[in-house]
Protein chains: 2
Amino acid sequence: MTPKQEDIEKAKRIRKGDVRTASRLIRNIEDQIPEAKTTIKHIFPHTGKAHIIGITGPPGAGKSTLADALIGSFREKNKTVGVLAVDPTSPFTGGALLGDRIRMQRHAEDHGVFVRSLATRGALGGLSKAVGDAVHVLDAMGKDIIIIETVGTGQQEVEIINHSHTVIVVLVPGMGDEIQAIKAGIMEIADIFVINKADRDGSRQLYAELMAMLDMANISSDGWRPPIIRIENVFEPISFQKKLEELSGKIEGHFQYLMDSQLLGDRLRRKSMMEINEALRASILEPVLKELAENGELEMMAEKLIQKKSDPYSLAEEIAGRYLKNVP
Amino acid sequence: MTPKQEDIEKAKRIRKGDVRTASRLIRNIEDQIPEAKTTIKHIFPHTGKAHIIGITGPPGAGKSTLADALIGSFREKNKTVGVLAVDPTSPFTGGALLGDRIRMQRHAEDHGVFVRSLATRGALGGLSKAVGDAVHVLDAMGKDIIIIETVGTGQQEVEIINHSHTVIVVLVPGMGDEIQAIKAGIMEIADIFVINKADRDGSRQLYAELMAMLDMANISSDGWRPPIIRIENVFEPISFQKKLEELSGKIEGHFQYLMDSQLLGDRLRRKSMMEINEALRASILEPVLKELAENGELEMMAEKLIQKKSDPYSLAEEIAGRYLKNVP
C-alpha cells in the first residue's frame, strides 16, 4: 500500500468509528507528528455533522461533573458522544492531567461514548490547532455530540472554545473580585451560563451580577440572551436531574436557534478563520523556526541578545528577509 | 528631526525616566503600532539591569494586594519599582481591567513607582511580546525592580511570566481538585510559593501537598528549593509585615542565588529565546496574514472550508509555497 492509500484506509476506518485508529491519530495530533496532517486532509470533507459543545470555567467549578452528567443525558436520547478534555494548564509536564476527569470513565464501557484528553507538549500556540484537528476526528467518527472541556477563560482557552457551536460557561459563587475580569473575558463567548454549587454564599450576588451584565450587553445584534442555570446540589438526584434536563434543553435550543437565524454560518466562518490562521502558522512560521533551531542560529541569536549586540526586531527582520518572498 | 533622530530622542527621554514618553510607548506597544518597534531597538541596549519579579496565581488569590505590599517594602529600601499588571483574560474587551489593581494607585504620587496595565487588543499570541517590550521600557527607565503581575497559570501566562527572573506563585486554600492541574503547570516555573489567606480551611492540606510535590520534584539539577510562605491575615499589620519581610528576603535571596550559581544565564537565554520566537512571528507570519486579510483571501479560504472544497492544511501549504523561499 502506498502512503496515500494508507491514509485513505485510515480515514475510512475512522469514519466507521474505529476507536483504535482514531485514538492513534489523536495521539499523533497531540505529538505534532507531521503524518497526522495527511490523514486529517482525508477526513476533513466528512466533518461538519456534529453539534460541538464547549464547556469552560475556572478551576474547581465542577465542569467535569457537569460534562459527565451531560453525556448520560445525551445517551438517554440515543445520541453518540465524543469528549475532548483539554488541559492547557500544564505546558511542561506533557500529557493531559486527568484529575477528576477519570470520573467520566464510567462511560468507558459504552461504545456510544469516546473520551480523550489532550495537552500540548511544549509547542507554543499549538494547542488550539490540535483541538481543532481532534474535533475533526470525533466528528468524522460520526459522533452526534462533541464536548470540548477546558479549564480557564484566558485567551488560549477562548481560542480552544471557539471550535464549538454552543459554549457553556460554568461559574461558582465566592471567587472574589477577579471574577469581574473573568466575566468580561467570557461575556462574549458564553451562550449558556451555569452557576454551580448555587447553594453557596454569594450565589445570589453572582446571579444578579450576570443578569446585570446581560442587561447591559448589546444582545440585539444576534438576539440570543444567554440563559443562566443554577445548579444547587449534584447530590440531590431529583432536583439535579431536573436542572440537567433544563440545561440540555437550552443546549438543543441554542443549536436550533443558530440554524434558524443563519448564525451558524457566522460561527462556522469564525471557526474556519481560526483554523486557517493556525494552519498558516504551522506551514509558514514553523518550518523557519525548525531550520533555525536545527542549524543553531536560534541559540546564536539568543546569545547576541544577552550580550546586547542586537535587538529581537533587527534579528527577526534579517531572518524574514532571508525566508520571505512576495511580501510588500 | 528625522524619524530616526526622533526615536533616539524618545529613547533618551525614557532613559531619563520620562513618564509621559514611557507611557506613550507602552500604549503603542499595546496597540501594536509598528513605530514602537524602532524605539524599542534604541532602548534595548540599555536594558538588563532590573530584577524582574513575576507574580501569578488563580483569580482571587490576592496577587494585587501582595504586589502592592511588595512595592511598599522595596520603596522602604529606596529601590525604584515598575509594575506591569497584565490581563490576558479579556481578549475581546481591549484594555486591561484594573479591578482591584486600582489599589496600587496609592503609590501614584510616588515618583519612584510606575504602574501600568497591559492587555492585547485581539491579536493572537501578541501579549507575551507586548509584555517583553513593556518590561524593556521600565528597565531602560532605570527601575531597580520590575513586577509583572498576571492572572492564571495557563500556557499564555507561563509565557508572560517567563520574562521574569524570580517567579512568585500565589495560591489560596480551598480551590478544589483542579488545583492539581494548576500545580502541575506552575511547578516548574515557581521560585517562591505564597499561600495567601492561610487562615482558611484547607491551608494545611495545600501546604502539605506543595511540600510533597517539592519533595518529589528533582530539584538537584538547579539546587533551589522553592520556599513556601504562608500569609495568614493581611489585616493584622504586625504579622503581615513580618511575613512580607520574609518574602522580600526570599526574593532577594533567589536573585542572589541566580547570580552566584550562573543560573541567571540560563534564565536570560530562555527569555531571549522566547523574545526571538515572538519577534519572528511578528516579522514572518504577520505580514503574510496581513496581506491575505487585506486582499480578501482569508475570507475566501474560510468559505472553501465551510463548503468542504478544501482542508486547512492544503490551503496553508499553497500559501506557504507562494511566500516562503529557502526552506527545505
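Two residues are in contact if their C-beta atoms, placed from the backbone, lie within 7 Å. The legends below describe close-up views of a predicted model.

**Figure 1. Overall composition of chain A in the predicted model.** Contacts that bridge 24 or more positions make up 75% of those in chain A with a separation of 6 or more. The chain contains 12 helices and seven strands. Of its 328 residues, 49% count as buried.

**Figure 2. Surroundings of Asp133(A) in helix α5 of chain A.** Helix α5 of chain A spans residues 127-140 and includes Asp133(A). A residue is buried if 20 or more other C-beta atoms lie within 10 Å of its own; Asp133(A) has 27 such atoms within 10 Å and is therefore buried. Leaving aside residues up to four places away in sequence, Asp133(A) touches Ile29(A) and Ile40(A). The C-alpha atoms of Asp133(A) and Ile29(A) are 7.1 Å apart, although the two residues are separated by 104 residues in sequence.

**Figure 3. The seven-stranded open sheet of chain B.** The strands follow the order β3-β2-β4-β1-β5-β6-β7, with parallel pairing. At the edges stand β3 (113-118) and β7 (228-230) of chain B, each of which pairs on one side only. On average, neighbouring strands of the sheet are turned by 20° against each other, direction ignored. Strands β2(B) and β3(B) are joined in the parallel sense over six bridges, and in this pairing Leu84(B) lies opposite Arg116(B) of β3(B).

**Figure 4. Strand β4 of chain B and its two partner strands.** Strand β4 of chain B comprises residues 145-150, and six of its six residues are buried, so the strand is largely enclosed by the rest of the structure. In a regular strand, side chains alternate between the two faces of the sheet. From β4(B), Ile145(B), Ile147(B) and Glu149(B) point one way, whereas Ile146(B), Ile148(B) and Thr150(B) point the other way; all are buried. Strand β1 of chain B (residues 51-56) runs parallel to β4(B) and is joined to it by five bridges. Within β4(B), Ile148(B) is the bridge partner of Gly54(B). Strand β2 of chain B (residues 81-86) also pairs with β4(B) in the parallel sense, over six bridges. Here Thr150(B) of β4(B) has Val86(B) opposite.

**Figure 5. Helix α4 of chain B lying across the sheet strands.** Helix α4 of chain B is formed by residues 63-76. The strands that this helix lies across are β1, β2, β3, β4, β5 (166-171) and β6 (192-195) of chain B. Relative to β4(B), the helix runs at about 175°.

**Figure 6. Crossing of helix α10 of chain A with helix α11 of chain B.** Two packed helices are described by the angle between their axes and the distance between the axes. The axes of α10 of chain A (residues 263-294) and α11 of chain B (residues 297-306) come within 9 Å and cross at roughly 110°. Angles of 65 to 115 degrees count as roughly perpendicular, and α10(A) is therefore roughly perpendicular to α11(B). The crossing is right-handed. From α10(A), the contact is made by Leu268(A), Arg269(A), Ser272(A), Met273(A), Glu275(A) and Ile276(A). From α11(B), the participants are Leu298(B), Met301(B), Ala302(B), Leu305(B) and Ile306(B). By class, the residues of this contact divide into eight nonpolar, one polar and two charged.

Technical notes: Residues numbered from 1 in each chain as written. Chains lettered and ligands numbered in written order. Predicted model: local features only at pLDDT ≥ 70, side-chain atom pairs only at ≥ 80, totals over all residues. Buried ≥ 20, exposed ≤ 12 C-beta atoms within 10 Å, placed from the backbone. Helix = DSSP H or I, 4+ residues; strand = E, 2+ residues; numbered from the N terminus. Pairing = 2+ DSSP bridges. Axes fitted to C-alpha atoms, helices over the stretch in contact; angles between N-to-C directions. Parallel < 35°, antiparallel > 145°, perpendicular 65-115°, else oblique. Left-handed = near helix turned anticlockwise from the far one by under 90°. Nonpolar A, V, L, I, M, F, W, Y, C, P; charged D, E, K, R; others polar.
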